[in-house]
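Here is a friendly walk through one protein chain, meant to be read with the structure open beside it. Take your time to find each place as it comes up.

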Amino acid sequence: MPPPINSILRQPPPPLPLMSSLTTRHVAVIGAGAAGLIAARELRREGHHVVVFELGEQVGGTWVYTPESESDPLGVDPKRRVVHSSLYDSLRTNLPRECMGVRDYPFERREGKDRDPRRFPGHREVLMYLQDFAADFGIGEVVRLQTEVVIAGLGEEGKWRVRSRPSNHNRMRSDDCDCVDEIYDAVVVCNGHYVQPRIADNIPGITAWRGKQMHSHNYRTPEPFQDQVIVLIGGAASAVDISRDIATVAKEVHIVDRSLNENAIGKLPGHDNMWLHSMIDSVHQDGRVIFKDGDTVGAEIIVHCTGYKYDFPFLETNGEVSVDENRVGPLYKHVFPPALAPWLSFVGLPWKVVPFPMFELQTKWIAGALSNRLALPSKEEMTQDTEAFYSSLEASGTPKRYTHNMANYQWDYDNWIADQCGIPGIEEWRVEMYKFASKNKRLRPESYRDEWDDDELVLEAQRDFSKYLN
Ligand code: FAD
């Protein structure tokens, strides 16, 4: 049995060579989700002065569950009341906790009546882990809660002007301003990218369809779907979870997943009221949804589990960074715009990754580059590298919107950054565990969170963690 973990040894800052030659910067971090908290820790370890701006009432970002949803369930009305979190009530992690945690701050079981000891815990446990992290590293003292950054813009002499204002957690978009302007040396953007929905709007007839439509961002609980016929578009993790959740009360759930292979089309094995389809052919005013496989259903609700768009409404860079077909760029290694490095950086843009360890590596790199401890290539070299990367995507027929999809090379990417920082790369057991969890999820989509065969890897992780425990 692994030792019970009640206290985590504060990991001392990594030894900083030649402290006297390091430069301390004033850094604004935008967002106090996992990325912002980890960024704050790494920046402070490096000796920088940090302010973390957080528009919500507490730290934790997307892990702060709220039963509230947005005023426009599809999320297309720019004037809607925006809710940051996309969590649904039943959500459990889709990664095992050993694999998911920050490398030197393991996401271990903790004692306590509200704690969730499961290997794939519910979302509240992740929030508590992040709260523990913030408390153990004293990050609360640099976080300004309920403070929204409305402008982070290039100012004079290469400095950044950060304009902020008090916010409510569920903010209405408005232009009235009770604003404060401050000057910083650098801005680290950690605002998350699961807020602005992408919807499937190219289906013939969809704009005239009279039924209800919503995006998974606004899904919370299954009750409103009682006895209804639902069409759910999407094949990623939240589509799998939400379809099962809804099917507990709905009459029928029809899942549309364009990556399905022909043989999978039809009734979902093990379920009486779920069907798989590959594509929608058209939808009609009378509620009919016609699938390309020839089936037709009369549906009441279409749920779009179709992902999100990057959005940085506060950022003013004189055109040095933009979002084009969901590519944020140009960015050197998904972090630094060559023209503004290291003074502007982005944490957490890649997807299909294990996020927390990647945040840790990206932010160590940013912190070291800001203090002059780590050297970045010249602007020209970074530009060249970035252009070569974009050309390689184009040559392989990868659409721009997949620029930050790291499904096939997240570990190489992490290890490359670790190398830049002169620290060890991702642990072998983590890579193996992730591989195992992905395969297990494919084989047992209903039960992978409670059945697994990689106890050996869990033990190996525990042995590794013991160096961080007292
Ligand atoms: P967020 O958590 O979104 O935090 C961004 C913060 O920035 C928020 O607090 C927001 O209020 C703040 N902010 C935004 N704009 C401003 C502004 N202008 N001014 C001030 N503050 C601002 N990851 C896993 O590792 N395991 C999982 O099982 C897992 N499941 C997931 C399930 C769902 C449904 C979703 C949506 C994501 C899941 N993830 C999972 C990924 C998850 O997004 C990351 O774990 C991580 O929480 C992202 O952290 P972040 O800090 O980048 O963004």
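## A buried aspartate and its surroundings

D72 has a relative accessibility of 15%, so D72 counts as buried. Please keep in mind that the model you are looking at is predicted. You will find D72 in the loop between strand 2 (49-53) and strand 3 (81-82). Leaving out residues up to four places away in sequence, D72 touches D77, R80 and N218. D72 and V82 are ten residues apart in sequence, and their C-alpha atoms lie 8.7 Å apart in space.

## Two domains and what lies between them

The chain is divided into domain 1 (14-196 + 308-430) and domain 2 (199-304). Taken over C-alpha atoms, the centres of the two domains are separated by 32 Å. Domain 1 gives 25 residues to the contact, and domain 2 gives 17 residues.

How much area do domain 1 and domain 2 bury between them? The value is about 1,500 Å², with 51% of it on carbon and sulfur atoms. On the side of domain 1, the residues that lose the most area to domain 2 are P73, L74 and Y88, which together make up 44% of what that side buries.

Which kinds of residue does domain 1 bring to the side that touches domain 2? That side divides into twelve nonpolar, eight polar and five charged residues. Between the two domains there are zero salt bridges, while 14 residue pairs are in polar contact, both residues at pLDDT 80 or more.

## Helix 4 and the loop residue P222

Next, have a look at helix 4 (residues 237-247). Eight of its eleven residues are buried, so helix 4 is largely enclosed by the rest of the structure. The buried ones are A239, D241, I242, S243, R244, D245, I246 and A247. What covers them includes strand 12 (229-233), strand 13 (252-256), strand 15 (274-277) and strand 19 (301-304).

P222 sits in the loop between strand 11 (212-215) and strand 12. Is P222 buried or exposed? Its relative accessibility is 11%, so P222 counts as buried. Apart from residues up to four places away in sequence, P222 touches D245, I246, T248 and V249; of these, D245 and I246 are among the buried residues of helix 4. The C-alpha atoms of P222 and S243 are 9.4 Å apart, with their positions 21 residues apart along the chain.

## Salt bridges across the structure

Side chains of opposite charge can pair when their charged atoms come close. A search of the whole structure finds 35 salt bridges. Three of the pairs are set out below.

| Salt bridge | Closest N to O distance |
|---|---|
| E42 and R41 | 2.8 Å |
| R44 and E141 | 2.8 Å |
| K400 and D324 | 2.6 Å |

In the pair of E42 and R41, both residues are buried.

The pair of R44 and E141 links distant parts of the chain, 97 residues apart. R44 belongs to helix 1 (residues 34-45), and E141 to the loop between helix 3 and strand 4 (143-144). How accessible are the two partners? R44 counts as partly exposed because its relative accessibility is 27%, whereas E141 is exposed, with a relative accessible area of 64%.

Where do K400 and D324 lie? K400 is in the loop between helix 6 (379-395) and helix 7 (410-421), and D324 is in strand 22 (residues 322-324), so this pair ties together parts that are 76 residues apart in sequence. K400 counts as partly exposed at 27% relative accessibility, and D324 counts as partly exposed at 33%.

Some salt bridges share partners: R41, E42, R45, D104, E360 and K364 are joined in this way into one network.

## A second buried aspartate

To finish, turn to helix 3 (residues 123-136), where D132 lies. With a relative accessibility of 16%, D132 counts as buried. Setting aside neighbours within four places in sequence, D132 is in contact with Y105, R110 and R115.

Technical notes:
Residues are numbered from 1 along each chain as its sequence is written. This is a predicted model: local features need pLDDT of at least 70, side-chain atom pairs count only at pLDDT 80 or more; totals for chains, interfaces and linings use all residues. Side-chain values use heavy atoms; hydrogens and water are left out. Helices (H or I, at least four residues) and strands (E, at least two) are DSSP runs, numbered from the N terminus. Buried means under 20% relative accessible area, exposed over 50%, partly exposed in between (1.4 Å probe, protein chains only). Contact means heavy atoms within 4.5 Å. Domain bounds come from an automatic or database domain assignment. Buried area is the accessible area (1.4 Å probe) that two parts lose on being put together, summed over both. A salt bridge is a side-chain nitrogen of Lys or Arg within 4 Å of a carboxyl oxygen of Asp or Glu. A polar contact is a pair of N or O atoms within 3.5 Å; within protein, one must be able to donate a hydrogen and the other to accept it, and residues adjacent in sequence count only if both atoms are side-chain atoms. Ala, Val, Leu, Ile, Met, Phe, Trp, Tyr, Cys and Pro count as nonpolar, Asp, Glu, Lys and Arg as charged, and the others, Gly among them, as polar.
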